[in-house]
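Student: I should like to take a close look at a single part of this model, namely how its nonpolar residues are arranged. Please explain it in one connected account.

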Amino acid sequence: MLLVLMVHADFKALDPPTVGEVITTPVSSFLRFLSESISIVCVNVFILITGWFGIRPKVSRFSALVFQVMSIGFFIYIVLLSLGKVERWNPVDWIRFMFMRRGLWFVGAYMVLYIISPVLNAFVSTTSRKTFKDVLIAFFFIQTICGFYSQYDFFNSGYSPLSFIGLYLLARYMKLYSDGFCTLKKRYDVAIYLCTVLFTSLLAMKFGRAGYDSKALYDYLAPAVIIGSVYFFLFFTKLSFHSRMVNWIATSAFAVYLFHCDPLFFRRYYLLPIKDFYLQDSLPLFILHTGALIISVFFVSILVDKLRAFLWNRSVFIYKQIGRKAKRSYLTLVIRSYSTTSNRIVYFDRKRKLWRI
């Protein structure tokens, strides 16, 4: 999620370097292209992680996801309202908050992936290795031609459930079969990732000098971005370490995206400050101030989500307690009713754990 913060701190806040900037300030422009190339793998890597471990959909998990999305947005609204930064919402605003929150495209796309994951899992478990491989090759070939080269709308530059499906299936294939491209040594994984980073950055600089738009090079479905994402991810699958702190942070990583991309927060308190840093500071100060903002947003998001997790766990506990009491009350009522009408005694045999008459 640090990469997500980083990718939004570059082209999203500052826009890609213009032709004039590439010519007049080539070093600064190259560093911005390089920063974007390093961090653009963020979304793809998140989906690859999801596919590697697989989605096991449950109503409780989906409910927890919805609660996380809504509670973090509600927290930001309450804080800003108390500081006088936003006006009190009317019923239309609440409806928009519940169902039409712009800027959180990933949430909708991920929920679609979550809902159809049983179908994908069934395909993975029943198809042959050859068929699985052929489907992946065909999918990424069509995506490259139609989505990257022809820019068809239904691929939406990789901002879509369709692209997520391909990445999810690719990760499942790598986990199950470990083909040759998955079993390279760690240093080769890093080398391939860095090559894709340099390739994209240098090509973007060349496009900039020639006056061409380099935006497509940074689409999530761009071939170099996908290859870089795969080998960045594979490198970390081959590391072996355990850390309670890392696990503690990881359980709230998604909250970083939800927090800083919230429509009430994103532009005013994240993008605009970074743009001000860029316009007013020297390059070293810009990096220092932007880095401090990124780290601050990251850890504030984690802490807010820990509060959310506490409230959710307490709510689930109370709900289960109420359910158990209701079940016992109903069972007691049925037993008493039966005993009264049949003149028989009903009791619980603790040794055999069953009811006797």
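Tutor: The model before us is predicted, and its largest nonpolar core is a suitable starting point. That core has 86 residues. Those with the most contacts inside it are Leu113, Met174, Tyr257 and Tyr270. Let us follow Leu113. Leaving aside residues up to four places away in sequence, Leu113 touches Ile47, Ile55, Leu120, Phe164, Ile165 and Tyr168. In soluble globular proteins, nonpolar side chains tend to be buried together.

A nonpolar group is also found at the surface. Phe75, Val79, Leu83, Leu307, Phe310 and Leu311 make a nonpolar surface patch of about 540 Å². Two helices, α5 (59-82) and α15 (283-342), each supply at least two residues of this patch. The largest share, three residues, comes from α15. Consider Phe310, one of the patch residues, which has its place in helix α15. Its relative accessible area is 51%, and the cut-off for an exposed residue is over 50%; Phe310 therefore counts as exposed.

Burial may also be followed along one helix, α10, which comprises residues 186-210. At 1.5 Å a residue, its 25 residues should span 36 Å, and the end C-alpha atoms are 36 Å apart, so the expectation and the model agree. Within α10, the buried residues are Asp189, Tyr193, Thr196, Val197, Thr200, Ser201, Ala204, Met205 and Gly208. An α-helix has 3.6 residues a turn, so residues three or four places apart point the same way. The cover over the buried residues of α10 includes α2, α3 (26-39) and α11 (223-237). After α10 comes Gly211, whose phi is positive, near 85°.

A positive phi is also found in residues other than glycine, among them Asp15, with a value near 70°. Asp15 lies in the loop between α1 (2-14) and α2 (19-24). Ser157 likewise has a positive phi, near 60°, and its place is in the loop between α8 (129-149) and α9 (161-177). Are these two residues buried or exposed, or in between? Asp15 has 43% relative accessibility and is therefore partly exposed. Ser157, at 17%, falls under the 20% cut-off and so counts as buried.

Terms used:
Residues numbered from 1 in each chain as written. Predicted model: local features only at pLDDT ≥ 70, side-chain atom pairs only at ≥ 80, totals over all residues. Heavy atoms only, no water. Core = buried A, V, L, I, M, F, W, Y, C linked by side-chain atoms within 4.5 Å. Buried < 20%, exposed > 50% of the residue type's maximum accessible area, 1.4 Å probe, protein only. Contact = heavy atoms within 4.5 Å. Patch = residues over 30% accessible without salt bridge, like charges linked within 9 Å, V, L, I, M, F, W, Y side chains within 5 Å. Areas by Shrake-Rupley, 256 points an atom, 1.4 Å probe, with all protein chains shown as cover. Salt bridge = Lys/Arg side-chain N within 4 Å of Asp/Glu carboxyl O. Helix = DSSP H or I, 4+ residues; strand = E, 2+ residues; numbered from the N terminus. Expected span 1.5 Å × (residues − 1).
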